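Trainee: Could you take me through one part of this structure in detail, residue by residue, and then show me how it sits in the rest of the fold? I would like a close look rather than a quick tour.

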Protein chains: 2
Amino acid sequence: MAKILVFGHQNPDTDAIGAAIAFSELQKQKGQDTEAVALGKVGEETQFALDYFNLQAPRVIAKAGDQTNDVMLVDHNEFQQSVADIEDIKILSVIDHHRISNFQTADPLYYRAEPVGCTSTIILKLYKEAGLAPTKAVAGIMLSAIISDTLLFKSPTCTQEDIDAAKELANIAEVDTDTYGLEMLKAGTNLTNKSAEELMDMDAKSFPMSDKNVRIAQVNTVDLEEVFKRQTELEQAMEKANKENNYDLFVLLVTNILDSDSELLVVGDPIEKIEKAFNVTLNNHRAFLKGVVSRKKQVVPPLTESFQ
Amino acid sequence: MAKILVFGHQNPDTDAIGAAIAFSELQKQKGQDTEAVALGKVGEETQFALDYFNLQAPRVIAKAGDQTNDVMLVDHNEFQQSVADIEDIKILSVIDHHRISNFQTADPLYYRAEPVGCTSTIILKLYKEAGLAPTKAVAGIMLSAIISDTLLFKSPTCTQEDIDAAKELANIAEVDTDTYGLEMLKAGTNLTNKSAEELMDMDAKSFPMSDKNVRIAQVNTVDLEEVFKRQTELEQAMEKANKENNYDLFVLLVTNILDSDSELLVVGDPIEKIEKAFNVTLNNHRAFLKGVVSRKKQVVPPLTESFQ
């Protein structure tokens with residue numbers, strides 16, 4: 001029988017990669033034949049974490065059905081964020097911490113979602129429920145995922161469970177969370193050697209809202225102005241992405257990880273849904289969102305509601 | 001703040017009722033203000049179990065939004081099987097053991113599905129994970145739910161986890177599972193005092209398949225012929241139900257709980273999807289399905305596939 005493939009969402013972030021590795025390793029400890037794979041190349045933040053803990057980046061796949069019949073999803077469930085042929089293969093399990101949407105199966109499955117900041121927090125529970133523990137390296141990448149998803153515990157998505165899990169994992173991984181965490185996050189903010197197209201695609205997800213196709217990308221920085229120096233170039237890339245992929249609305253969330261604020265850059269229609277969602281007026285396609293750092297908790301829900 | 005309402009699917013069976021009671025009691029033990037309610041009157045099997053363990057049937061609600069903002073679903077997720085205004089209220093959590101379909105949320109939630117025979121098996125795990133235990137009466141209704149969903153462990157949906165959970169619950173409830181179980185199942189097969197319309201509706205669920213609306217009802221019996229003596233009357237009720245509710249296809253699964261076989265009665269279109277799904281030829285609208293007792297595992301998946 002072919003291996004079971006375990007993967008996170010397209011444009012993988014550190015949780016998508018870390019959760020795939022950690023959940024696959026748990027399945028192997030339980031005697032399953034699994035392999036962690038990825039739906040895209042890892043970013044610089046994730047590469048920093050993998051290097052730090054001496055782990056290999058999972059190989060990238062474009063389709064799953066040519067290699068396996070069975071898959072396990074981590075850190076996502078919406079089909080448009082998953083592997084291209086997701087509708088043709090059997091989903092054995094899902095471990096996630098997002099809303100559920102555009103997801104369905106023909107058969108019962110194992111589905112574990114909890115409203116916590118990071119998938120790896122749930123996976124640590126699964127290790128403990130099975131009476132098992134992650135290795136030092138796997139604990140390291142799980143810790144990195146929690147730091148990444150919670151922006152070092154500053155995001156409103158962060159729960160006490162994430163903080164407790166990070167503490168346990170830091171012990172196993174033998175690192176100082178604050179020092180390591182800031183170093184890792186900064187590794188992901190080096191945007192100067194990236195094209196505008198690359199920036200658009202680093203951490204981007206599509207969301208069907210009403211009859212519109214909304215693309216929401218997020219980039220982290222330590223200096224908002226450094227990103228907005230390239231505003232014209234960014235807008236051109238967003239317009240091009242809209243045209244090529246039939247996105248109606250492209251929202252770029254530029255997040256200052258030191259101040260925990262974001263600025264939006266918006267291209268497409270309907271603009272008024274954005275203004276209503278965040279109670280702002282766009283000025284030169286931009287709006288500053290004080291205290292907003294979480295796409296999942298602070299951007300998708302108000303925007304979904306605004307479209308209803 | 002209004003109470004959180006906890007409920008199972010429409011046309012509640014013993015698991016829908018038992019899981020609502022058990023999960024609500026767990027939430028109360030954890031300090032939440034919850035109430036178990038039901039989306040319909042309980043059947044005779046469930047009433048037998050409630051009476052046996054001195055429990056009240058949950059009150060029946062038609063809508064939730066006039067009483068609360070927050071609900072917890074057990075034993076179902078598909079919106080067409082849920083409360084009428086499910087799309088307007090916030091789903092805090094789902095505990096289920098079915099496929100996921102026609103379900104979505106705007107926010108992250110707690111979702112726990114496992115491919116086991118009964119929701120109550122999962123809920124017993126949740127008690128244990130929280131370091132808590134069900135009371136004697138609650139253990140009794142949870143045990144009844146497992147017996148009901150697995151037809152006393154004979155259904156192919158039954159897993160070792162269901163058997164183990166039933167053993168633990170029987171100890172707490174202080175009953176002999178086999179004796180009590182058969183008595184309870186038989187209480188649910190008394191169909192003589194039911195109209196054909198009532199039979200159609202006792203344990204019926206709707207499933208969108210391709211562009212068709214498929215209704216699948218199941219009745220348990222200890223004598224198939226006793227049910228099929230009323231075939232003409234049943235067909236008339238099914239035709240009427242199709243017309244009134246825009247069902248395309250009505251499938252009645254009559255299950256002999258002693259022999260663990262079923263016979264189908266089918267009214268509507270497309271008939272050929274049924275014949276293809278089960279590799280049978282309908283004769284006088286009927287087909288015998290050897291060894292088939294589970295709608296979830298042996299009827300819905302092949303039929304879903306047949307429609308694709």
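Mentor: Happily! Let's start with A:His9, which touches A:Ala16, A:Leu39, A:Val74, A:Asp75, A:His76, A:Gln81 and A:Lys205, leaving out residues up to four places away in sequence. Keep in mind that this is a predicted model. A:His9 belongs to the loop between strand 1 and helix 1 of chain A. Its relative accessibility is 0%, so A:His9 counts as buried. The side chain of A:His9 also makes a polar contact of 3.3 Å with the side chain of A:Asp13.

Those two residues turn up together in a record as well. UniProt, in an unreviewed entry, lists A:His9, A:Asp13 and A:Asp75 under "binding site". These residues span 67 positions in sequence, but no two of their C-alpha atoms are more than 9.6 Å apart, so they gather at one spot.

A:Asp75 deserves a stop of its own. You will find A:Asp75 in the loop between strand 3 (70-74) and strand 4 (90-96) of chain A. With 1% relative accessibility, A:Asp75 counts as buried, because the cut-off for that word is under 20%. Setting aside residues up to four places away, A:Asp75 touches A:His9, A:Asp13, A:Asp15, A:Ala16, A:Ile95, A:Asp96, A:His97, A:His98 and A:Thr119. A polar atom of the A:Asp75 side chain lies 3.3 Å from the backbone nitrogen of A:Ala16. A:Ala16 is also among the residues that A:His9 touches.

A:Asp75 appears in another annotation too. Under "binding site", the unreviewed UniProt entry covers A:Asp15, A:Asp75, A:His97 and A:Asp149. Here the span is 135 residues in sequence, yet no two of the C-alpha atoms are more than 10.8 Å apart, so these residues also gather at one spot. A:Asp149 comes from helix 4 (residues 136-150) of chain A. Its relative accessible area is 18%, so A:Asp149 is buried under the 20% cut-off. Beyond its neighbours within four places in sequence, A:Asp149 is in contact with A:Asp13, A:Asp15, A:His97, A:Gly117, A:Cys118, A:Ser155 and A:Thr157. A:Asp13, A:Asp15 and A:His97 are among the contacts of A:Asp75 as well.

Now for the surroundings. Helix 4 of chain A gives eight residues to the largest nonpolar core, and that is the largest share. This core has 48 residues, and A:Phe23, A:Ile95, A:Ile123 and A:Met142 have the most contacts inside it. Among the elements of chain A that each supply at least two residues are strand 1 (4-7), helix 1 (14-29) and strand 3. If you zoom in on A:Ile123, you will see contacts with A:Ala19, A:Ala22, A:Phe23, A:Ile95 and A:Met142, apart from neighbours within four places in sequence. A second, separate core of 47 residues includes B:Ile17, B:Ile21, B:Ile95 and B:Val293. In soluble globular proteins, nonpolar side chains tend to be buried together.

Next, the sheet. Its 10 strands form an open sheet with mixed pairing, in the order 2(A)-1(A)-3(A)-4(A)-5(A)-5(B)-4(B)-3(B)-1(B)-2(B). Strand 2 (34-36) of chain A and strand 2 (34-36) of chain B are the edge strands, each pairing on one side only. From one strand to the next, the twist averages 20°. Helix 3 (residues 119-129) of chain A lies across strand 3, strand 4 and strand 5 (110-113) of chain A together with strand 5 of chain B, at about 105° to strand 4 of chain A.

On the chain B side, strand 3 (residues 70-74) and strand 4 pair in the parallel sense over five bridges. B:Val74, for instance, has B:Ile95 in strand 4 as its bridge partner. Helix 1 (residues 14-29) of chain B lies across strand 1 (4-7), strand 2, strand 3 and strand 4 of that chain, running at about 165° to strand 2.

One last residue links the two chains. B:Phe103 sits in the loop between strand 4 (90-96) and strand 5 (110-113) of chain B, and counts as buried at 3% relative accessibility. Its contacts beyond four places in sequence include A:Ile100 from the other chain, along with B:Leu73, B:Phe79 and B:Tyr111.

Terms used:
Residues numbered from 1 in each chain as written. Chains lettered and ligands numbered in written order. Predicted model: local features only at pLDDT ≥ 70, side-chain atom pairs only at ≥ 80, totals over all residues. Heavy atoms only, no water. Helix = DSSP H or I, 4+ residues; strand = E, 2+ residues; numbered from the N terminus. Buried < 20%, exposed > 50% of the residue type's maximum accessible area, 1.4 Å probe, protein only. Contact = heavy atoms within 4.5 Å. UniProt positions renumbered as here; feature names shortened; annotations may be inferred. Polar contact = N/O pair within 3.5 Å; in protein donor to acceptor, adjacent residues only side chain to side chain. Pairing = 2+ DSSP bridges. Axes fitted to C-alpha atoms, helices over the stretch in contact; angles between N-to-C directions. Core = buried A, V, L, I, M, F, W, Y, C linked by side-chain atoms within 4.5 Å.
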